[in-house]
Amino acid sequence: MKKHLENFAKTHLHDYDELVRFQSVSAQEKQIPETATYLAEQFENLGADTVEQWTDQSDSPVVFAEFKSKNSDKTVLFYNHYDVQPPEPFDEWETSPFEPTEKDGHIYGRGIADNKGELISRLVLMKYFQENDNLPVNVKFFVEGEEEIGSLHVAEFVRAHKEQLKADVCVWEGGGKNSLDHYQVVGGMRGIVAFDVDVTTADVDMHSSLASYADSATWRLVEGLSTLRDINGKILVEGFYDDCDELSEAEERVVAESDFDLANAKKASGLKKTVNTEHKTELVNRPTISINGLKGGYQGDGVKTVIPRYASAKLDCRLSPSQDPKKMAELVQKHFDKHGFSDLHVHYKLGEHGYRSNFDHPFVQLTLKEAKDFYGQETKYLLNAAGGGPAYELGNVLEVPTVNIGVSYAGNKVHGPNENIRVNDFYQGVAFLGNVLSKFGQKD
């Protein structure tokens with residue numbers, strides 16, 4: 001079946017290019033309903049037994065589709081999203097962001113890796129099974145339009161539609177090959193919390209000559225932020241590591257056996273300085289704290305000698321799966337209060353719990369075995385990805401394991417200009433997922 005599926009994927013690579021053309025930028029509220037309608041139409045064209053657009057919990061529709069199998073009573077749930085990141089900066093793109101462009105063995109376009117290309121690979125696979133009348137398992141799709149702004153309503157949708165979403169396992173939005181070009185099967189993801197910090201030091205901006213006695217908001221902000229971690233990356237907020245997950249012996253072995261290569265990662269990004277020492281463990285099971293942006297004072301051309309009255313920063317923390325996002329933001333505020341910076345105020349923006357599948361679950365082990373047979377024995381298992389997503393809501397509420405497998409690779413430039421996937425990875429990914437579903441659907 002591998003060759004048949006790869007050849008089918010080659011023939012149908014561009015069947016759903018229109019999906020990439022939709023400028024479905026959730027942060028800018030662009031073309032979200034239109035994209036959902038297009039997807040619903042594609043599921044109907046594929047012969048889905050049920051196609052619905054859910055808007056009972058949000059104006060951004062969830063597209064639900066169900067395909068029933070004659071061959072098995074097992075059910076696989078696919079989670080994907082159709083919204084994308086903003087395309088800016090436009091001048092750094094080598095192709096038009098919303099025109100899928102095949103060039104030098106790659107396809108470029110905003111969202112082609114995250115997450116439209118992954119979704120397209122699954123649509124192509126469904127087309128193959130439907131045309132050959134051999135769907136090996138029941139398949140359900142849950143495709144949301146708010147992932148890039150924090151999956152704000154996934155919890156409500158999952159709870160409201162729990163019966164319709166019942167499944168045995170969940171295949172997450174995507175995955176692929178690491179910086180060494182080795183395939184990875186991933187069992188979950190870290191949590192995330194995003195918050196702003198701001199400070200006001202006066203009623204008006206002041207002349208900079210008064211810095212002899214007047215403090216500024218910008219100095220106050222950077223001084224407070226600098227207390228959050230040391231120069232080696234260790235977070236100094238009291239209690240920040242307390243709820244990190246305890247790894248079992250099997251999980252510790254998985255971490256030790258991972259082939260993350262720091263030198264290769266530095267080269268790929270041109271990174272000049274690193275922090276922390278136990279990078280493998282840090283990536284899957286330890287929290288981070290990042291300053292995403294700073295704002296304060298004059299930012300225009302020329303000189304303006306001013307003491308800013310107000311300054312703010314955007315931060316996020318990647319969390320160990322069991323850590324509570326709101327609690328972590330509260331710990332940062334307590335840290336400021338305790339260390340003489342009670343005038344710095346934390347404003348919680350969004351948070352997602354992490355999730356980690358049971359490594360010993362039969363579907364996790366089946367997927368890992370199939371990946372090693374398909375991609376080679378250098379295939380690795382990751383306990384969870386370094387990034388986040390709403391897997392907690394599906395994994396915990398529906399009580400199913402999730403695995404991240406897909407058609408992407410480490411050089412995909414996700415969220416940045418020139419986002420891309422490689423066409424050969426796409427062909428392989430379609431065939432591999434078809435193998436997994438077929439094996440899973442076989443009688444026990």
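A crossing of two helices is called right-handed if the near helix is turned clockwise from the far one by less than a right angle. The close-up views below are taken from a predicted model.

**View A. Helix α11 packs against helix α13 in a right-handed crossing.** The view shows α11, which spans residues 362-375, beside α13, which spans residues 423-441, with axes that come within 10 Å and cross at roughly 135°. Because an angle between 115 and 145 degrees falls outside the parallel, antiparallel and perpendicular ranges, α11 is described as oblique to α13. On the α11 side the contact is made by Phe 363, Leu 366, Thr 367, Glu 370, Ala 371, Phe 374 and Tyr 375, and on the α13 side by Gln 428, Gly 429, Ala 431, Phe 432, Asn 435, Val 436, Lys 439 and Phe 440. Sorted by class, the residues of this contact comprise nine nonpolar, four polar and two charged. As a guide to reading such a list, an α-helix has 3.6 residues a turn, so residues three or four places apart point the same way.

**View B. Helix α1 also passes α13 in a right-handed crossing.** Here the axes of α1 and α13 lie 8 Å apart and the packing angle is about 135°, which makes α1 oblique to α13. From α1, the residues Lys 2, Leu 5, Glu 6, Ala 9 and Lys 10 meet Phe 426, Tyr 427, Gln 428, Val 430, Ala 431 and Gly 434 of α13. Gln 428 and Ala 431 are worth locating in this view, since these two residues of α13 take part in the contact with α11 as well as in the contact with α1. The contact of α1 with α13 contains six nonpolar, two polar and three charged residues.

**View C. Helix α1 meets a further helix, α4, in a right-handed crossing.** The axes of α1 (residues 2-11) and α4 (residues 116-132) come within 10 Å and cross at roughly 120°. His 4, Leu 5, Phe 8 and Ala 9 represent α1 in this contact, where they face Val 124, Leu 125, Lys 127, Tyr 128 and Glu 131 of α4. Of the residues involved, six are nonpolar, one is polar and two are charged. Leu 5 and Ala 9 belong both to this contact with α4 and to the contact of α1 with α13.

**View D. Asn 80 is buried in strand β3 and makes polar side-chain contacts.** The strand covers residues 75-81, and Asn 80 has a relative accessible area of 0%, so it counts as buried. Its side chain is joined to that of Asn 115 by a polar contact of 2.8 Å and to that of Arg 122 by a polar contact of 3.0 Å. Apart from neighbours within four places in sequence, the residues in contact with Asn 80 are Asn 115, Glu 118, Leu 119, Arg 122, Phe 142, Val 143, Glu 144 and Glu 173. Asn 115 itself lies in the loop between β5 and α4, and the peptide bond that leads to it from Asp 114 is cis, with omega near 15°.

**View E. A cis peptide bond joins Glu 88 and Pro 89.** Omega of this bond is about 5°, and Pro 89 is located in the loop between β3 and β4, the latter covering residues 101-103.

**View F. Helix α8 is hardly covered, and Asp 261 caps its N-terminal end.** The helix spans residues 262-269, and the count of buried residues among these eight is zero. At the N-terminal end, a side-chain oxygen of Asp 261 lies 3.4 Å from the backbone nitrogen of Ala 263, while beyond the helix comes Gly 270, which has a positive phi near 70°. Farther along, in the loop between α8 and α9, stands Asn 276, which is not a glycine and yet has a positive phi near 65°. Asn 276 has a relative accessible area of 25% and is therefore classed as partly exposed.

**View G. His 415 has a positive phi although it is not a glycine.** The value is about 75°, and the residue sits in the loop between β20 (408-409) and β21 (420-422). With a relative accessible area of 39%, His 415 is partly exposed.

Definitions and conventions:
Residues are numbered from 1 along each chain as its sequence is written. This is a predicted model: local features need pLDDT of at least 70, side-chain atom pairs count only at pLDDT 80 or more; totals for chains, interfaces and linings use all residues. Side-chain values use heavy atoms; hydrogens and water are left out. Buried means under 20% relative accessible area, exposed over 50%, partly exposed in between (1.4 Å probe, protein chains only). Helices (H or I, at least four residues) and strands (E, at least two) are DSSP runs, numbered from the N terminus. A polar contact is a pair of N or O atoms within 3.5 Å; within protein, one must be able to donate a hydrogen and the other to accept it, and residues adjacent in sequence count only if both atoms are side-chain atoms. Axes are lines fitted to C-alpha atoms, for helices over the stretch in contact, and angles run from 0 to 180 degrees between N-to-C directions. Angles under 35 degrees count as roughly parallel, over 145 as roughly antiparallel, 65 to 115 as roughly perpendicular and the rest as oblique. Contact means heavy atoms within 4.5 Å. Ala, Val, Leu, Ile, Met, Phe, Trp, Tyr, Cys and Pro count as nonpolar, Asp, Glu, Lys and Arg as charged, and the others, Gly among them, as polar.
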